[in-house]
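This briefing sets out the main features of the structure shown below, grouped by topic.

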Amino acid sequence: MNRLAWIRFVASRWFRSGRKVGPSLGPATAGIAVGVAALLCVIGVMNGFQIGFIDAVLDLDSYHVRIPAAGTSVSAVLSAVPGARAALQFVDVRTMVVNARGKASPLRIKVVPDTVMADDPAFAGRLTMRSGTFGAGLAVGSELARSLDIRVGDMVSVLSVQADVDTGIDAHMLEFTVSGIYHCGYFDFDAGLAFLPSSLSSGLDAGETPVIGLRLADRYDDERVIGLLEAAGIRGAEGWRTYNRAFFGALRMEKTVMLMLVGLIFIVVGVNIFHLMRKAVYGRVDDIATIKALGAASIDVRRIFMMDGIAAGAGGAIAGLVVGLLVAFNINGIFSGISAITSAINGLAGGSGKGLEFFSPDLFYIGDVPVRLSFFEVLFITGAGAASALVAAWAASARVSRIMPAEVLRDE
Amino acid sequence: MNDDVIVCDGVRKTFHSAAEDLEILRGIDLRLSSGDCASITGPSGCGKSTLLSILGGLDSPSTGRVMVGGIELSDAREDELSTFRARVVGFVFQFHYLLKDFTALENTMLPAFMASGDRRDAEARALPLLEAVGLGDRLHHVPSMLSGGERQRVAIARALINAPAIVLADEPTGNLDRASAGIVEELLFQMAATTNTTLLVVTHDQGMAERAGRRFMLRDGVLLES
């Protein structure tokens, strides 16, 4: 027997005539839609920034697995890890850079192989040169170049410090030509990380510990690869999630807290639906008692109200999904449109004609708002929106079980 | 008798309140056979509707045994009572209690739809019933577009759609004018006789009560057959 058939029939009729017995669920449905759309936009933008940062860190700096170079070699690492995308040896040097006018700034110089651009496509893809090239000298970030007023071809001085138990500390300045200015979009790198081909290091990296960076086809394969390396006798390897755990942990915490805060919308909407549906149950006491007298079980009557909840939840969640995805993936166009409109209004009003700038380059270190959404996040957010209505409907319909037909139907 | 469809043995019902315990039914014994037409009369508040609710599985006795249509109601679970109400009994109340958002056809077919899950079959069974109660031209009218007598006729059709063994009618003409009451009364007795349904009517109308083959009076919580 198809019990759902008559439940759907009654639910659809009651849903259509809902306003006669109680307030409409329309505003609550709209609330779910707003919640889902807001969460999708917020999480999409947060993902965009976070994944952008993570990609920049992994592509330019930390790699997927880091292995101390002492006692091993790039070729040994590559033979131990079949299918690795790239492996190269580098040295990180923490120092100070001084421009021609004596203005200094802290800097980390990564001394990399001369062939890094050919050997590591991910590195080459991320190191977008704004001017000049990589390979003929020091490549500095765009923010450092701006703050020290450095241009391609300029000479800069870099502090080189070597310490030895016998000879003591030897600090001197090394001169390097700036061959290129890059921009990766991650402020910390653009302001404080430079790249230098190892053939031009002039001994800057002397005494520093070299590291082999390994790039994998799947970054989440790092744990297995570390096992492979250990099996091949290569010790001390560290995965990217461990090496960057403080930074990535902060990013995850930020996202989780934001998800919870915006997710409070669903609790508010759920409570709203709960109260509305309780009113609907009160408004339909006679009808509920009647269909129970005709043979409906309490659970079937609850299912009728659950259908209302499903309709409100699914309707709101789907509407929010559509709106959220449209807004999220067109957010730059929407900001540009608003900027153009406000600019036109300002011009017509006799102003300067300057429109509203959401992310002015003067204030923010971004040109465009990046957006990234995973299928599971979209599914989770949309499901949570729909579930809030469902749970509220289930709780609100609990009273149905307590409606006694004999008491209701005798007292007309 | 093995064809008894309603069996009550020593049924008592007490309503508890903070102020007092009110015993409405004080040991009801009743047996009705298949096809019996019976009436119960008695003063207001004497417990007629309560007895009917107990027989219909809408209420439970405080003590005593109730077996209706071969089903022991005294200790039945809620789902068993729901199935019992859907398949064994049909109700006609003083107030029609039609679903206000549903047409006459939809109200009539709903119990069959609930029992079978087949809407077309339910509609096919509802149509001749509504024709039989003279509402063939009112199929798609909602209750607010029907007169009191017409609503009660829809309620009778609804009570009969699952071909129940028993129809329990609680003051079915109590809210109707004389002409409408006559039509409803005639329909109820005629259709019960045609389908060999056991009919138990609670009424204040002496004429209607005397039309039943077996007549009972409920007074001071005790049921007496006259």
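Domain bounds here come from an automatic or database domain assignment. On that basis chain A holds domain 1, made of 3-51 + 249-409, and domain 2, made of 85-215. The model is a predicted one. The points below cover the domains and helices of chain A, its contact with chain B, and the sheets of chain B.

**Domains of chain A**

- Domain 1 of chain A is assigned in two segments, 3-51 and 249-409, while domain 2 of chain A is the single segment 85-215.
- The centres of the two domains of chain A, taken over C-alpha atoms, are 50 Å apart.

**Helix packing in chain A**

- Two packed helices are described by the angle between their axes and the distance between the axes.
- Helix α3 (residues 26-62) of chain A packs against helix α11 (residues 245-283) of chain A at about 175 degrees, and 9 Å separate the axes.
- Angles over 145 degrees count as roughly antiparallel, and α3(A) and α11(A) are therefore roughly antiparallel to each other.
- The contact between α3(A) and α11(A) is made of 19 nonpolar residues, five polar ones and one charged.
- A second pair consists of helix α13 (residues 298-329) of chain A and helix α15 (residues 375-396) of chain A, with an angle of about 160 degrees and axes 8 Å apart.
- The angle between α13(A) and α15(A) therefore also makes this pair roughly antiparallel, and their crossing is right-handed.
- On the α13(A) side the contact residues include Phe305(A), Gly309(A), Gly313(A), Gly316(A) and Gly320(A).
- On the α15(A) side the contact residues include Thr382(A), Gly385(A), Ala389(A), Ala393(A) and Trp394(A).
- By type, the residues of the contact of α13(A) with α15(A) are 15 nonpolar, seven polar and one charged.

**Strand pairing in chain A**

- Strand β1 (residues 65-68) of chain A runs antiparallel to strand β9 (residues 211-215) of chain A, and four bridges join them.
- Within that pairing, Ile67(A) is opposite Ile212(A) of β9(A).
- β1(A) is also joined to strand β10 (residues 238-239) of chain A, by two bridges and in the antiparallel sense.
- Val65(A) has Gly239(A) of β10(A) as its bridge partner.

**Contact between chains A and B**

- The contact between the chains involves 23 residues of chain A and 26 residues of chain B.
- On the chain A side, α1 (3-16), α12 (285-293) and α16 (405-409) each provide at least two of the residues that touch chain B.
- Helix α1(A) gives the largest share of that side, with six residues.
- The side of chain A that touches chain B consists of twelve nonpolar, five polar and six charged residues.

**Four-stranded sheet of chain B**

- Four strands of chain B form an open sheet in the order β2-β1-β4-β5, and the pairing is antiparallel.
- β2 (21-33) and β5 (71-72) of chain B are at the edges with a single partner strand each, so each has one side without a neighbour in the sheet.
- Strand β1 (residues 4-16) of chain B is antiparallel to β2(B), with ten bridges between them.
- β1(B) and β2(B) make a hairpin, and four residues lie between the two strands.
- Across this hairpin, His16(B) is opposite Asp21(B) of β2(B), and Val7(B) has Arg31(B) of β2(B) as its bridge partner.
- β1(B) also pairs with strand β4 (residues 63-68) of chain B, antiparallel and over five bridges.
- In the pairing of β1(B) with β4(B), Ile6(B) is opposite Val68(B).

**Six-stranded sheet of chain B**

- Another open sheet of chain B has six strands in the order β6-β7-β8-β3-β9-β10, with mixed pairing.
- β6 (89-92) and β10 (222-225) of chain B are its edge strands, each paired on one side only.
- Direction ignored, neighbouring strands of this sheet are turned by 20 degrees against each other on average.
- β6(B) is parallel to strand β7 (residues 166-170) of chain B, and the two pair over four bridges.
- Phe91(B) has Leu168(B) of β7(B) as its bridge partner.
- Helix α6 (residues 178-194) of chain B lies across β3 (37-41), β7 and β8 (198-202) of chain B, and it runs at about 155 degrees to β8(B).

Terms used. Residues are numbered from 1 along each chain as its sequence is written. Chains are lettered from A and ligands numbered from 1 in the order in which they are written. This is a predicted model: local features need pLDDT of at least 70, side-chain atom pairs count only at pLDDT 80 or more; totals for chains, interfaces and linings use all residues. Two strands pair if DSSP finds at least two bridges between them. Two residues are in contact if their C-beta atoms, placed from the backbone, lie within 7 Å. Ala, Val, Leu, Ile, Met, Phe, Trp, Tyr, Cys and Pro count as nonpolar, Asp, Glu, Lys and Arg as charged, and the others, Gly among them, as polar. Axes are lines fitted to C-alpha atoms, for helices over the stretch in contact, and angles run from 0 to 180 degrees between N-to-C directions. Angles under 35 degrees count as roughly parallel, over 145 as roughly antiparallel, 65 to 115 as roughly perpendicular and the rest as oblique. A crossing is left-handed if the near helix is turned anticlockwise from the far one by less than a right angle, and right-handed if clockwise.
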